[in-house]
Amino acid sequence: MATALHGHDDHHEIHNPMEPTRQEQIVMNRFGLWLFCFSEVFLFMALFAGRFYLWRDPDIGVIRPELEQGPALLFTCVLLVSSWFMNRAEVASANEDWSTFHVSMGGTFVLGTVFLLGVIFYEWGLALEHPHILPTDGAFGAIFFAMTGMHAIHVVTGLIFVAVVWWNGYLGRYTREDHWGVEACAIYWHYVDLVWIFFYPGIYLIGTAIHIPGH
Amino acid sequence: MADHSHTESPNEKFETPEGIYRRGFMTFIALGVLTAVEFVAGSEDFVENPSTVLLILLAVAKAALVMNVFMGVTKLWRGGDHH
């Protein structure tokens, strides 16, 4: 992990043939990170499948609580732009374009923070106020807060990852040849985006909207 | 001797940084368009009963783009670095 975060600066050391080369290490690191992401798919798939099981009416079919769709679209676009910034940061690190790297990492961090605060304060606030669903209010509240909450936790860890990699880039710990830390951060951040690609329609678009009366 | 820390992929030498940036931008635009289509297909203002299959297919298409271009899933079997 330390290597992933700090990059690698001993290219000129004599290579021990019994140890994997840096390139072989990166291949294994990449495979391990993808395995981690794959294992998390089961967690998110369980929540996604639970949504279809619990948000279902015997007469209507697939349903969902009546939530504001506009703000959710806005925050989805914010996360999408942050993913593009992350992609630019990764390409920039691979080409030692450090000014673009810093601007792009900053953009990713700021937009990721906007998304996180938007979901927690705005989306949760709307859900608590307008349809008035609480986490304890049965299937609607449980699924809504579990899906958005679990995703938000991953956004928090992603933001920490982005901040650490951004700082390491500032310290000059990545090179054109070795920027695995940036690549790992990008894979994780895009994975967080990937989860939202399914959660956004799952929560806000799929199914017939059901009006929930206030308490 | 070549540096072991970096293996050049077959396509890498043909891709300029500008080309890779452009590919990322075009992917971002495509994701934006698909998100707009998704919103129209699932919005209460446009559709009374949105098609679950259509919305899932749109999400799968977006996920495929992200995995292929942004996450570089092909590096798993191709190795190297396409950036």
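This section describes a predicted model of a complex between chain A and chain B, beginning with the confidence of the prediction and proceeding to the fold of chain B, the interface and the nonpolar core.

For the complex, the predictor reports an ipTM of 0.87 together with a pTM of 0.87. In chain A the mean pLDDT is 90, and 91% of the residues score at least 70. Among the elements of this chain, the highest mean pLDDT, 97, belongs to H6(A), whereas helix H1 (residues 2–6) of chain A has the lowest, 48. Chain B has a mean pLDDT of 83, with 78% of its residues at 70 or more. Its elements extend from a lowest mean pLDDT of 87, in helix H3 (residues 75–78) of chain B, to a highest of 97, in helix H2 (residues 52–70) of chain B. Residues 1–11 of chain B, by contrast, have a pLDDT below 50, although this stretch makes 25 contacts in the model beyond near neighbours in sequence. Where pLDDT is low, predicted coordinates should not be interpreted in detail.

The secondary structure of chain B consists of three helices and zero strands, and its elements follow the order α-α-α from the N terminus. Of the 83 residues in chain B, 27% are buried. When contacts within chain B between residues at least 6 apart in sequence are considered, 59% of them join residues at least 24 apart.

The contact between the two chains involves 37 residues of chain A and 34 residues of chain B. On the side of chain A that touches chain B, two or more residues are given by each of helix H2 (22–54), helix H3 (69–94), helix H6 (180–205) and strand S3 (208–210) of chain A. The most are given by H3(A), with 12 residues. By class, this side of chain A has 18 nonpolar, 12 polar and seven charged residues.

The largest nonpolar core has 64 residues, among which A:Cys185 and A:Val195 touch the most other members. Elements of both chains give two or more residues to this core: H2, H3, helix H4 (98–129), helix H5 (138–170) and H6 of chain A, and helix H1 (17–42) and H2 of chain B. H6(A) gives the most to the core, with 20 residues. Leaving aside residues up to four places away in sequence, A:Cys185 touches A:Phe161, A:Val162 and A:Val165. Thus H6(A) combines the highest mean pLDDT among the elements of chain A with the most residues given to the core.

Key:
Residues numbered from 1 in each chain as written. Chains lettered and ligands numbered in written order. Predicted model: local features only at pLDDT ≥ 70, side-chain atom pairs only at ≥ 80, totals over all residues. pLDDT = per-residue confidence, 0-100. Helix = DSSP H or I, 4+ residues; strand = E, 2+ residues; numbered from the N terminus. Contact = placed C-beta atoms within 7 Å. Nonpolar A, V, L, I, M, F, W, Y, C, P; charged D, E, K, R; others polar. Core = buried A, V, L, I, M, F, W, Y, C linked by C-beta atoms within 7 Å. Buried ≥ 20, exposed ≤ 12 C-beta atoms within 10 Å, placed from the backbone.
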